[in-house]
Amino acid sequence: HLDDTLRLYRRGPGGTEFAWFYEIGDRIYVDRGKLGEMAARRDVDIEDWPGIEAEIDALRTDGFGELDEEAWQFVQIVYEVKDGFASGDELAKRNAVTDILDEHFALTGQGFWIDSSSGMGTAEIGFLVVDYEIARESIVAKLAGTEFADYLAIRDTDTLATAENIRAEAT
């Protein structure tokens, strides 16, 4: 059936629509919606795989398709850490933010987690996203008013930089 999540998109004048298909256990989950907005989700018994295949074929006929690898954009959230490398508490915070945003990006069709790192006074979380600006706005809104709103920067690059250099970039 589905080895990995199937992510289909269709760009149009009203925005980008998405349809994600993924399998967990004996269920297939289908998330559909407009990029950046909460998906309508349904789950289907795995035995209805022929119906899901027909739905995927119909979407492809209607202009939906997978994004080319180079179409994905990168977004990185950077937190400042003490002592160069993240402590256990700082790693726990980074991991919590990763979980929150990975789920949010999945439910809004925006993208998925790709990497995390720590060093040079920062802890970073990287995602591949469909649209950097929508993802950036979504991160700001999702983390606002939470204990995770103290990020140093949201960047479109994974170029290594110290916390001091990132602060200088922002000014």
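A residue counts as buried when its relative accessible area is under 20%, and in this predicted model 41% of the 171 residues of the protein chain meet that description. The C-alpha atoms of the protein chain fill a box of roughly 55 × 35 × 30 Å along the principal axes, and the accessible surface of the chain comes to about 9300 Å², with 48% of that area belonging to carbon and sulfur atoms. As for charge, the chain carries 16 positive and 37 negative side chains, and the centres of these two sets lie 5 Å apart.

The secondary structure consists of four helices and eight strands, which follow one another along the sequence in the pattern β-β-β-β-α-β-α-β-β-α-β-α. If one considers the contacts between residues at least 6 apart in sequence, 59% of them join residues at least 24 apart.

A convenient place to begin is the pairing of two strands. Strand 3, which covers residues 27-34, and strand 4, which covers residues 40-45, pair in the antiparallel sense over six bridges, and one of the pairs places Arg-32 opposite Ala-40, its bridge partner in strand 4. The two strands form a hairpin with five residues between them, and in the turn Gly-36 has a positive phi of about 90°.

Thr-16 belongs to strand 2, which spans residues 15-24. With neighbours within four places in sequence left aside, Thr-16 is in contact with Tyr-9, Arg-10 and Arg-11, and also with Gly-33, Lys-34 and Leu-35. Thr-16 counts as buried because its relative accessibility is 11%, and the limit for that class is under 20%.

The nonpolar interior comes next. The largest nonpolar core has 15 residues, of which Val-75, Phe-127 and Ile-139 touch the most other members. The elements that give two or more residues to this core are strand 5 (73-80), helix 2 (88-107), strand 7 (122-129) and helix 3 (132-143), and the largest share, four residues, comes from helix 3. Val-75 illustrates how many parts of the sequence meet here: leaving aside neighbours within four places, its contacts include Phe-105, Ile-125, Phe-127, Tyr-132, Ala-135, Ile-139 and Ile-154. Apart from this core lies another one, of 14 residues, among them Leu-8, Phe-21, Ile-46 and Phe-64.

Helix 2 can be followed further through two of its residues. Phe-105 has its place in helix 2, and Phe-105 is classed as buried because its relative accessibility is 0%. Beyond the residues within four places in sequence, Phe-105 is in contact with Trp-20, Val-75, Gln-110, Gly-111, Phe-127, Val-129, Ala-135, Ser-138 and Ile-139. Phe-105 and Ser-138 are 33 residues apart in sequence, while their C-alpha atoms are 8.6 Å apart in space.

His-104 also lies in helix 2. Not counting residues up to four places away in sequence, His-104 touches Gln-110, Ser-138 and Lys-142; Gln-110 and Ser-138 appear in the contact list of Phe-105 as well. His-104 is buried because its relative accessible area is 12%, a value to be read against the limit of under 20%.

Notes:
Residues numbered from 1 in each chain as written. Predicted model: local features only at pLDDT ≥ 70, side-chain atom pairs only at ≥ 80, totals over all residues. Heavy atoms only, no water. Buried < 20%, exposed > 50% of the residue type's maximum accessible area, 1.4 Å probe, protein only. Contact = heavy atoms within 4.5 Å. Areas by Shrake-Rupley, 256 points an atom, 1.4 Å probe, with all protein chains shown as cover. Lys, Arg positive; Asp, Glu negative; His and termini not counted. Charge placed at Lys NZ, Arg CZ, Asp CG, Glu CD. Pairing = 2+ DSSP bridges. Core = buried A, V, L, I, M, F, W, Y, C linked by side-chain atoms within 4.5 Å.
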